[in-house]
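The exercises below ask you to read a fold step by step, with a worked solution after each task. Please keep the sequence and the structure in view as you go.

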Amino acid sequence: MSETQTQAGIEGRKAPPSEAYAQYMCMICGWIYDEEQGLPEAGIPPGTRWEDVPEDFLCPECGEPKSMFERIDI
Ligand SMILES: [Fe+2]
């Protein structure tokens, strides 16, 4: 019996594109940090990932820390 195993099957599933930017919203005032925009006036260049935003980042509107932000999906 010759069984040809052409079934290499498992097609490489692609992870979601890592280029997709996310937005994070301040739960206190609703201000939104957009990774694509960054916050140049606070020294955060456009394209900066939320995890790369300094831990001492404060909401420019109400002064709450990063921990008060939640990721939002549009
Ligand atoms: Fe805020």
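**Exercise 1.** In this predicted model, find how many bridges join strand S1 to S3, and in which direction the two strands run.

*Solution.* Begin with strand S1, which covers residues 23–26, and follow its pairing with S3: four bridges join the two strands, and they run antiparallel. Next, take single positions in this pairing, where Cys 26 has Phe 69 as its bridge partner in S3, while Tyr 24 stands opposite Arg 71 in S3.

**Exercise 2.** Describe how S1 is joined to S2, and name the bridge partner of Tyr 24 in S2.

*Solution.* Three bridges join S1 to S2, and these strands run antiparallel. On this side, the bridge partner of Tyr 24 is Tyr 33 in S2, so that Tyr 24 has a partner in S2 and also stands opposite a residue of S3, Arg 71. Then look at the connection itself: S1 and S2 form a hairpin with five residues between them, and in the turn Gly 30 has a positive phi of about 90 degrees.

**Exercise 3.** Work out the order of the strands in the sheet, and explain why S2 and S3 each have one side without a neighbour in the sheet.

*Solution.* First, list the elements of the chain, which has three strands and zero helices and follows the pattern β-β-β along the sequence. Second, put the pairings together: the three strands form an open sheet with antiparallel pairing, in the order S2-S1-S3. Third, consider the edges, where S2 and S3 stand with a single partner strand each, and therefore one side of each is left without a neighbour in the sheet. From one strand to the next, the twist averages 30 degrees.

**Exercise 4.** Locate Glu 55 in the chain, and decide whether Glu 55 counts as buried or exposed.

*Solution.* Glu 55 lies in the loop that runs between strand S2 (32–34) and strand S3 (69–72). To judge its surroundings, count the C-beta neighbours inside 10 Å: there are 8, and because a residue with 12 or fewer is classed as exposed, Glu 55 counts as exposed. As a further step, compare sequence with space, for Glu 55 and Ser 67 are 12 residues apart in sequence, and their C-alpha atoms are 8.9 Å apart.

**Exercise 5.** Find what share of the chain counts as buried.

*Solution.* The chain has 74 residues, of which 5% count as buried. Turning to contacts between residues at least 6 apart in sequence, 48% of them join residues at least 24 apart.

Note on methods
Residues numbered from 1 in each chain as written. Predicted model: local features only at pLDDT ≥ 70, side-chain atom pairs only at ≥ 80, totals over all residues. Buried ≥ 20, exposed ≤ 12 C-beta atoms within 10 Å, placed from the backbone. Pairing = 2+ DSSP bridges. Axes fitted to C-alpha atoms, helices over the stretch in contact; angles between N-to-C directions. Contact = placed C-beta atoms within 7 Å.
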